[in-house]
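Hi,

Here is the structure I promised to pass on. Have a look at it first, and then read on for what turned up.

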Amino acid sequence: MKNFLLSIFLISFCFQSKAQNDKEIKEKKNAFAISIGSPGLGLEYARKLSPKLNAKLVWHSFKLEDFEQEDLEIKDDKVDLLANVEISIIDMGIEYLPFKNSAFKLTAGFGILSKLNTNAVITYTEDVSVGNVIISKADVGEIDANISWSGVAPYLGLGFGRAIPKRRLGFGLEIGTYFASSPTVDLTASKLLAPTATQEDNLQESLESFKFIPRIQFRLAYKF
């Protein structure tokens with residue numbers, strides 16, 4: 001009888017262990033996500049490391065070409081603005097879920113700023129009056145400003161929505177910031193506006209505080 005009960009116990013234990021192993025084998029620990037937000041369109045891969053930790057790799061991309069804004073007023077003059085923006089960032093980070101039954105999360109990592117450029121060309125839309133002298137807009141010239149960030153930038157953030165959702169699909173929101181170095185400024189001007197280019201150092205100094213690049217993302221994740 002003792003041998004029989006021992007055999008039943010061992011068989012039950014083996015079945016329980018097998019069921020537990022099967023459950024662990026079948027657990028889906030990967031997810032693919034698409035996101036949209038301030039860095040543009042994002043493609044993300046995530047891997048579950050533990051019940052509270054997930055690792056993420058994200059590529060963000062955005063491009064805006066020949067965006068025009070007409071008749072902007074600068075003091076008493078009207079100008080046209082032609083802008084171009086290009087963003088390409090690769091993020092590597094960790095997501096921490098402090099509460100077992102909550103989707104609240106903290107994120108940390110770094111972004112590789114391979115491209116983060118803004119270019120603006122400013123031209124006068126009307127002739128310029130200087131005293132009794134009228135200067136045609138063609139003779140005034142234009143201002144061309146290029147502002148860019150580069151290098152590796154740490155980031156911190158928080159939000160809701162797991163990188164590896166509990167169900168097959170999951171939504172998320174994340175708000176954070178990159179801690180980047182100051183942007184590089186390249187300022188050129190033509191014709192009568194050419195002396196404006198000497199203000200490049202002043203513009204560079206005024207942008208010294210632009211070291212925090214905000215990041216807001218809405219995510220849709222698929223677990224597999």
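Let me start with a lysine: in which strand is Lys-56 found? The answer is β3, the strand that covers residues 53-74. Before going further, please keep in mind that this is a predicted model.

Is Lys-56 buried or exposed? Buried means under 20% relative accessible area, and Lys-56 counts as buried because its relative accessibility is 7%. Its side chain has a partner, too: a polar contact of 3.1 Å joins Lys-56 to the side chain of Glu-174. Leaving aside residues up to four places away in sequence, Lys-56 also touches a list of others, including Glu-44, Tyr-45, Asp-91, Glu-95, Lys-105 and Thr-107.

Now for the other half of that pair. Glu-174 sits in strand β10, and with a relative accessible area of 0% this glutamate is buried as well. Beyond Lys-56, and again not counting residues up to four places away in sequence, the residues that Glu-174 touches include Lys-105, Thr-107, Tyr-155, Leu-158, Arg-215 and Gln-217. Lys-105 and Thr-107 are thus on the contact list of Lys-56 and on that of Glu-174.

Next, how the strands go together. β10 covers residues 169-179 and pairs with β9 in the antiparallel sense, over six bridges. One of the bridge pairs there is Gly-157 with Gly-176 of β10. β9 (residues 151-160) also pairs with β5 (residues 104-124), antiparallel again, this time over 10 bridges. If you want a spot to click on, Leu-106 has Leu-158 of β9 as its bridge partner.

There is another set of pairings to look at. β1 (residues 30-37) pairs with β2 (residues 40-50) through eight antiparallel bridges, and the two are joined by a hairpin of two residues. Gly-37 is bridged to Gly-40 in β2. β1 also runs antiparallel to β12 (residues 212-223), with seven bridges between them; Ile-36 and Phe-218 of β12 are bridge partners there.

What about the nonpolar side? In soluble globular proteins, nonpolar side chains tend to be buried together. The largest nonpolar core in this model has 14 residues, and those touching the most other members are Leu-113, Leu-116, Trp-149, Tyr-178, Ala-180 and Ile-213. β4 (77-96), β5 and β9 are the elements that give two or more residues to this core, and β4 provides the largest share, with three. For a closer view, try Leu-116: setting aside residues up to four places away in sequence, Leu-116 touches Glu-86, Ile-87, Ile-147, Ser-148, Trp-149 and Ile-213. Apart from the largest core lies another one of seven residues, with Ile-135, Ile-143, Ala-145 and Leu-193 among them.

Finally, the overall numbers. The protein chain has three helices and 12 strands. Of its 224 residues, 31% count as buried. The chain exposes about 14300 Å², and carbon and sulfur atoms supply 63% of that area. Among contacts between residues at least 6 apart in sequence, 67% join residues at least 24 apart.

If you only have a minute, I'd go to Lys-56 and Glu-174 and their 3.1 Å side-chain contact.

Cheers

Conventions. Residues numbered from 1 in each chain as written. Predicted model: local features only at pLDDT ≥ 70, side-chain atom pairs only at ≥ 80, totals over all residues. Heavy atoms only, no water. Pairing = 2+ DSSP bridges. Helix = DSSP H or I, 4+ residues; strand = E, 2+ residues; numbered from the N terminus. Core = buried A, V, L, I, M, F, W, Y, C linked by side-chain atoms within 4.5 Å. Buried < 20%, exposed > 50% of the residue type's maximum accessible area, 1.4 Å probe, protein only. Contact = heavy atoms within 4.5 Å. Polar contact = N/O pair within 3.5 Å; in protein donor to acceptor, adjacent residues only side chain to side chain. Areas by Shrake-Rupley, 256 points an atom, 1.4 Å probe, with all protein chains shown as cover.
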